[in-house]
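Trainee: Could you take me through this chain step by step, and explain each term when it comes up?
Mentor: Gladly; let us look at it together.

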Amino acid sequence: NTVVRSLIARHSGYEVKTIGDSFFVVFPELLNAVRFSTKLQLQLLRASWPASLLEQPDGSKEVDNDGTVLWCGLRVRVGIHVGSARVEVSPDTLRADYFGPAVNFAARVE
């Protein structure tokens, strides 16, 4: 989560909430979201993972025929969707929350 949150801030994102192990994040521009996603994948690829994780089939290092590392460690999916949303401040948390068809669609992007 530390890597994700540092990149959200670096790319002018706003963490709306987490749901389970998922992050709901908004960005001011599409390019910010794309850059965040790319940097996230690269940082996770280069992270120092414990040997016990790398020994697992879904965490093991995979390389292509040229020796380029394709996967190493945790694998995450990032979905991006563009659209308008209604923003409301939660009276409980005093944080912005987003609603509407674009948000519902984005929640299902994989």
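Trainee: How many helices and strands does the secondary structure of the chain come to?
Mentor: This is a predicted model, where local features need pLDDT of at least 70, side-chain atom pairs count only at pLDDT 80 or more, and totals for chains, interfaces and linings use all residues. Residues are numbered from 1 along each chain as its sequence is written, and side-chain values use heavy atoms, with hydrogens and water left out. Helices (H or I, at least four residues) and strands (E, at least two) are DSSP runs, numbered from the N terminus. From that end the elements run α-β-β-α-α-β-β-β-β-α, and the secondary structure comes to four helices and six strands.

Trainee: Which residue in the turn between strand 1 and strand 2 has a positive phi?
Mentor: Two strands pair if DSSP finds at least two bridges between them, and here five bridges join strand 1 (residues 14–19) to strand 2 (residues 22–26), which run antiparallel. I19 stands opposite S22 in strand 2. The two strands form a hairpin with two residues between them, and the turn residue with a positive phi, of about 65°, is G20.

Trainee: What is the bridge partner of V87 in strand 6?
Mentor: Strand 5 (residues 86–89) and strand 6 (residues 96–99) run antiparallel and are joined by four bridges. Their hairpin has six residues between the strands, and there L94 takes a positive phi near 60°. In strand 6, the bridge partner of V87 is Y98.

Trainee: Which elements give two or more residues to the largest nonpolar core?
Mentor: A nonpolar core is a set of buried Ala, Val, Leu, Ile, Met, Phe, Trp, Tyr and Cys residues joined through side-chain atoms within 4.5 Å, where buried means under 20% relative accessible area, exposed over 50%, and partly exposed in between (1.4 Å probe, protein chains only). The largest such core has nine residues, namely V4, L7, I8, V25, F36, L40, L44, W49 and C72. Those giving two or more residues to this core are helix 1 (2–10) and helix 2 (30–46).

Trainee: Why does I80 count as partly exposed?
Mentor: I80 is placed in the loop between strand 4 (69–71) and strand 5. I80 counts as partly exposed because its relative accessibility is 35%.
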